[in-house]
Amino acid sequence: MSTAPTWDTLLAASALPRLDARALAEHASGRTREWLIAHGDEPAEPAAAATFAGLAERRRAGEPLAYLLGWREFRGWRFAVSPAVLVPRPETEELVDAALARLPHDRAPRVLDLGTGSGTIAVSLALERPDAAVIATDASADALAVARANAAALGATGVQWRLGDWWDALPAGTAPFDLIVANPPYVADDDPHLHDPALRHEPRAALASGPDGLDAIDAIVAGAPARLAQGGWLLIEHGRDQGAAVRARLAAAGFVEVATLPDLQGLDRIGLGRHPAQRFPSAGAPTV
């Protein structure tokens with residue numbers, strides 16, 4: 001009789017939440033969840049058992065499940081992720097909803113996603129508005145590689161990619177946008193949450209931004225009016241305690257219809273405003 005542990009035994013011994021353990025078992029074994037449930041009392045293949053044990057150890061140490069699996073679901077699509085990018089959060093799905101609701105429907109809109117990371121925002125907008133011309137930027141070449149791969153895998157052909165830090169990624173004369181969206185870093189540099197085991201594995205540059213967490217947001221708000229078309233919208237995801245600060249910055253920059261949208265928990269999450277006048281660089285012919 002075989003003395004190899006069964007999958008049920010391995011999952012129980014992992015000391016992980018059941019959903020995490022089962023997801024890692026699926027990944028390690030190549031089996032479906034249904035198969036593992038139906039055959040949990042069968043011995044696990046040695047190679048798969050060893051892979052599962054290694055993944056379980058890393059998960060107990062705080063490594064995000066998405067990094068271990070290599071993907072995270074976002075709006076029903078499977079996005080590849082790696083330690084080069086943040087793990088997509090459910091709150092950002094609401095940012096996409098808010099952006100879609102503000103895109104013009106009488107023409108093909110121009111959209112800019114600043115700091116795209118894994119590309120979840122840009123790719124989702126391109127898939128749900130295939131007529132849109134979407135430009136996505138990031139200061140990390142590794143992050144852009146992940147985003148490009150996601151666009152290719154999901155068939156989002158309407159996205160152009162630009163490497164650079166915020167506005168520096170766009171050449172002079174870029175045509176104005178109907179909507180600019182960003183999920184920038186917004187955690188304070190000394191925030192104790194950065195020492196959380198899960199956050200320690202994510203790129204710090206995509207999490208923290210200055211002593212109050214608002215450095216990136218300041219840069220985005222300051223540069224947005226020159227890049228927005230008449231009536232264009234700026235939407236920014238931010239921390240739950242930054243709603244008032246972001247509204248004040250948007251108002252000071254001349255935005256109208258300034259507001260804060262809550263997330264599903266009722267916490268301040270998205271700052272937005274509309275630019276009332278067309279202002280963008282006049283030097284050179286507008287380019288895509």
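Okay, let me start with a question: are W7 and F52 buried or exposed? Both of them are buried. Keep those two in mind, and remember that what you see up there is a predicted model.

Let me back up to the whole chain for a minute. We have 288 residues, and 49% of them are buried. The secondary structure adds up to 10 helices and 9 strands. If you lay the C-alpha trace along its principal axes, the span is about 80 × 40 × 30 Å. On contacts: take the ones with a separation of 6 or more, and 66% come from residues 24 or more positions apart.

Then the surface. About 13,100 Å² is exposed, with carbon and sulfur atoms supplying 54% of that. As for charge, I count 26 positive and 36 negative side chains, and the centres of the two sets are 3 Å apart.

Right, back to the rings. The chain has 2 aromatic pairs. One is our opening couple, W7 and F52, which sit edge-to-face, 6.0 Å centre to centre with 85° between the planes. What I like here is that this pair links distant parts of the chain: W7 belongs to helix α1, residues 7–13, while F52 belongs to helix α4, residues 46–60, and the two are 45 residues apart.

The other pair is F74 with F79. Why do we call that one edge-to-face? Because the planes of the two rings are at 90°, with the centres 5.9 Å apart, and the cut-off for edge-to-face is over 60 degrees. F74 and F79 are both buried as well.

While we're on rings, look at the arginines. R102 lies over the face of W233, 5.3 Å from the ring centre. R110 puts its charged end over the ring of F177, and there the distance to the centre is 4.8 Å.

That brings me to D178, which is in strand β6, residues 177–182. D178 counts as buried because its relative accessibility is 9%, and the limit is under 20%. So what does D178 touch, setting aside neighbours within four places in sequence? The list includes both R110 and W233, along with P104, R107, A108 and P109, and also L228, A229 and G232. For a sense of the fold there, D178 and Q230 are 52 residues apart in sequence, yet C-alpha to C-alpha they are 7.8 Å apart in space.

Last stop, a couple of backbone oddities. Which residues other than glycine have a positive phi? A15 is one of them, with phi near 60°. You'll find A15 in the loop between α1 and α2, so we're just along from W7, which is in α1. A15 counts as exposed because its relative accessibility is 62%, and exposed means over 50%. R75 is another, with a phi of about 55°. R75 is in the loop between β1, residues 71–74, and β2, residues 77–80.

To wrap up, if you open the model yourselves, I'd go to three places. Start with W7 and F52, the buried pair. Then go to D178 in β6 and click through its contacts, among them R107 and L228. Finish at the loop with R75, between β1 and β2. That's me done, thanks.

Terms used:
Residues numbered from 1 in each chain as written. Predicted model: local features only at pLDDT ≥ 70, side-chain atom pairs only at ≥ 80, totals over all residues. Heavy atoms only, no water. Helix = DSSP H or I, 4+ residues; strand = E, 2+ residues; numbered from the N terminus. Buried < 20%, exposed > 50% of the residue type's maximum accessible area, 1.4 Å probe, protein only. Contact = heavy atoms within 4.5 Å. Areas by Shrake-Rupley, 256 points an atom, 1.4 Å probe, with all protein chains shown as cover. Lys, Arg positive; Asp, Glu negative; His and termini not counted. Charge placed at Lys NZ, Arg CZ, Asp CG, Glu CD. Phe/Tyr/Trp six-rings, centres within 6.5 Å; stacked < 30°, edge-to-face > 60°. Lys NZ or Arg CZ within 6 Å of the ring centre and 35° of its normal.
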